[in-house]
Amino acid sequence: MLNKKSQIFTIIAIVLVLLIFLSYRISTHFLNREPIRMRIETMEKFMFSLEKDLERQMYILGFRTIFLAERYITQKGEYIDNMTELINETFFEGTVYGEDKSEILNGVRYQDIQDTISNVAAKINVNITFDNVTVSLTQEDPWHVAVILEGNLTLEDKTGVASWKKRERIKALVEVENFEDPLFIINTNARISRKINRTIYKPFVSGSDVSNLSNHLNAGLYTNTSLAPSFLDRLEGNMEADENGIESFVNPIELSNQGIPIEDKTLVDYLYFSSQNPQAHHVTGMPSWFKIDEGHVDIYGVSGLIYD
């Protein structure tokens, strides 16, 4: 009987020791995992913050590059050869056609961004590399230009706890509204300032009521049409049709007031300032000097109001 009791006590003691050991192992396991989890969360937050900051910096880069492009067009009287090449120059070199523009581009150049993210990463004990970087500029839609940054991003904890490697793609949209129309800068020798602002007057015509079209004309507003060049096209002097095209009307009264000779042709801007001269018509209810070409009659809803 005594031996049986001794055996039972021995078994209980062994079980208790095993439970204590397992409890210690489990506790130690979770204690060891907690710092790792927290470290990973810190790095994930850093990655998210970095991506948002890169998007903001690309917006600023795009805005300032367009500003510098328009200043160049105004000063030189020449269009930009290629806007993607220009944004690569502003981003990687901090120049415009070789002329230093660091006072405007400070903080959004490639080296500036590299230095900033490296300094921030060092504060949280992380190594970071961002290489094989490309930047481009595209017309996202009629009213926005997209700045797209791509590169290989590597994030490594200095203690070896965690690391990320990914092909980063950042896109920022820059509104084209309130920028100057390069077409007017070039063709009026910068004597007429025409800012790109989207029309609020639609439909242009209701029956025989052309008041919206008249207001649209007088305010120098823009509408989108696939017959016209896009904003980026206008910066490059390319007047070909584009699915993201925008256009306005030339006001010959403005030209005359600035001593610019007037032509008797359609007032659609990219056609008026070109060598093209498609057949154009007057519109009932509009000023006698207003003319529109046949290709735009339906766009502005004046098909029933035209006359020669």
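This report looks at two helices, a surface patch and a small sheet in a predicted model.

## Helix α1 and a nonpolar patch

Helix α1 covers residues 2–76. Tyrosine 59 is found in this helix. Its relative accessible area is 37%. Tyrosine 59 therefore counts as partly exposed, since that class lies between the buried limit of 20% and the exposed limit of 50%.

Tyr59 also belongs to a nonpolar patch on the surface. Its partners there are Phe63 and Phe67. Together the three residues make a patch of about 280 Å².

## Helix α2 and its two ends

Helix α2 runs over residues 83–92. Several of its residues are buried: Met83, Leu86, Ile87, Glu89, Thr90 and Phe91.

Look at the start of α2. Here asparagine 82 points a side-chain oxygen at threonine 84. That oxygen comes to within 3.0 Å of the backbone nitrogen of threonine 84. Now go to the other end. Glycine 94 follows α2. The phi of glycine 94 is positive, near 75 degrees.

## A three-stranded sheet

Strands of a sheet pair through backbone hydrogen bonds, and the pairing can be parallel or antiparallel. In this model, one open sheet has three strands in the order β9-β8-β10. The pairing is antiparallel. β9 (292–293) and β10 (306–307) stand at the edges. Each has a single partner strand, so one side of each lacks a neighbour in the sheet.

Strand β8 spans residues 280–283. Two bridges join β8 to β10, and these strands run antiparallel. Which residue in β10 is the bridge partner of histidine 282? The partner is tyrosine 307.

Notes. Residues numbered from 1 in each chain as written. Predicted model: local features only at pLDDT ≥ 70, side-chain atom pairs only at ≥ 80, totals over all residues. Heavy atoms only, no water. Patch = residues over 30% accessible without salt bridge, like charges linked within 9 Å, V, L, I, M, F, W, Y side chains within 5 Å. Areas by Shrake-Rupley, 256 points an atom, 1.4 Å probe, with all protein chains shown as cover. Salt bridge = Lys/Arg side-chain N within 4 Å of Asp/Glu carboxyl O. Helix = DSSP H or I, 4+ residues; strand = E, 2+ residues; numbered from the N terminus. Buried < 20%, exposed > 50% of the residue type's maximum accessible area, 1.4 Å probe, protein only. Polar contact = N/O pair within 3.5 Å; in protein donor to acceptor, adjacent residues only side chain to side chain. Pairing = 2+ DSSP bridges.
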